[in-house]
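Good morning, and thank you for coming. Please look at the sequence and the structure as I show them, and then we shall go through a few of the details together.

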Amino acid sequence: MDTMRERFASTVSRLLDDDPRLAVVLAEIGMANFTDAQRAHPDRVINVGIREQLLVGVGGGLALTGMRPILHTFASFLVERPFEQLKLDFGHQGTGGVLVSAAGSYDWPAGGFTHMSPGDIALLDTLDGWTVHVPGHPDEAEALLRHAAAADDDPVYVRLSAHTNAAPRALAPGRFLTVREGRGGVVIAVGPMLDSVLTAVEGLDVTVLYATTVRPFDERALRAAVHTNARADVVLVEPYLAGTSTAAVNDALPDLPHRVLGLGIGRRELRRYGGIEEHLAGQGLDPGSLRQRVSGFLGR
C-alpha cells in the first residue's frame, strides 16, 4: 500500500493535467515526487526553496489571481512557522487554497520536536472558515484531496499522516460515519485513530463515530448519536492536541447535560521520541491504554 504522501503526489499530479486552475507550491520538501509534474507544468509546480513564509505568500498571491493553489510541507512548517501569512494572505484577503501537511504530531519522532505539530488544528481554529480533513487511509486522503481541489474558493487543510488504519471507509466529506452503535456513550475516532479505538472498545456498549472532516464539526451526527444513547457522554480521540474539539462538542450539545473527555497528544513537550507505536503508547493512545481511559470515564 502506498503512503498518504505518495497518494497525494500521484493524485495532485493527475489533477494538474485536468484542471488548469490548479497550481502546486512546495518548499523543497516533497519536490522529488513532483519531478514529472513540474516537467509537464513548469508554470504551475513552483518550488520556493526552504522559505515557508514565502510558500504561503506565493500561494495567497496565486489565489488572488483566481487560481486554486495547493501548498505542501510538514505541518510545523506549513501552519506554525508561517501562521501570520496564513492569517493575512488567505484569511484577511478572503482567498482560498488547499494546505496539505505531513509529519503531523508524531510521524517522524526521531526528527525531534521541530518536526512535530500537535497544535496545528488548534491554531487553525483561531482563524475563520477553514475546512479541516484528517484522513485515516490513503484512499480517504485521495477522496478528500479531490474534494478540496474542486472547491471554489474555500480554505482547506488536509492533514496527512504516516499513521493509518488498515482499511478505508466509505465517507462523505463533511460528515461523520457511524461505524457501530451502542447505548453507553459515544466515542469519536478521528482519522488514523479509528483502528485503535475499535480495538479498545471491543465488547463495550458504545457508539463509534468516525471523523475524517473535523471542521466544520458534524453537529447533526453527534446529536443523533447522543439521542440514541442512554447517557450523553462523549469521548474524543484525536491524533493531535488533546481537547482540540471539546469546544465543538460542547457547542453541538448546548441544550443537553453532557460530559466530554478529550484524548490526544499532551501539552508536555516530548524529549523521548522512539517510533510511532512507542509514541502512541507514551501518550496513552494505544488500544490497551485507550480501553482503560474510555471505560474508566464511561463507567463513572
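Which residue in strand 3 does Leu22 stand opposite? Before I answer, please note that this is a predicted model. The residue opposite Leu22 is Arg68. Strand 1, residues 22-26, and strand 3, residues 68-74, run parallel and are joined by five bridges. As general background, the strands of a sheet pair through backbone hydrogen bonds, and the pairing may be parallel or antiparallel.

Let us now consider the whole sheet. It is an open sheet of seven strands with mixed pairing, and the order is 2-1-3-4-6-5-10. At the edges lie strand 2 (45-47) and strand 10 (213-215), each of which pairs on one side only. From one strand to the next, the twist averages 20 degrees. Helix 3, residues 52-64, packs on this sheet and touches strand 1, strand 2 and strand 3. The direction of helix 3 makes about 170 degrees with that of strand 3.

I turn next to the aromatic rings. The count comes to four aromatic pairs. One of them is formed by Phe8 and Phe34: the ring centres are 5.6 Å apart and the planes stand at 65 degrees, so this pair is edge-to-face. Phe8 belongs to helix 1 (residues 4-18), whereas Phe34 lies in the loop between strand 1 and helix 2 (35-40), so the pair ties together parts that are 26 residues apart in sequence. Are these two residues, Phe8 and Phe34, buried or exposed? Both are buried.

Finally, please find Phe297. Arg259 lies over the face of this ring, at 4.1 Å from the ring centre.

Definitions and conventions. Residues numbered from 1 in each chain as written. Predicted model: local features only at pLDDT ≥ 70, side-chain atom pairs only at ≥ 80, totals over all residues. Heavy atoms only, no water. Pairing = 2+ DSSP bridges. Helix = DSSP H or I, 4+ residues; strand = E, 2+ residues; numbered from the N terminus. Axes fitted to C-alpha atoms, helices over the stretch in contact; angles between N-to-C directions. Contact = heavy atoms within 4.5 Å. Phe/Tyr/Trp six-rings, centres within 6.5 Å; stacked < 30°, edge-to-face > 60°. Buried < 20%, exposed > 50% of the residue type's maximum accessible area, 1.4 Å probe, protein only. Lys NZ or Arg CZ within 6 Å of the ring centre and 35° of its normal.
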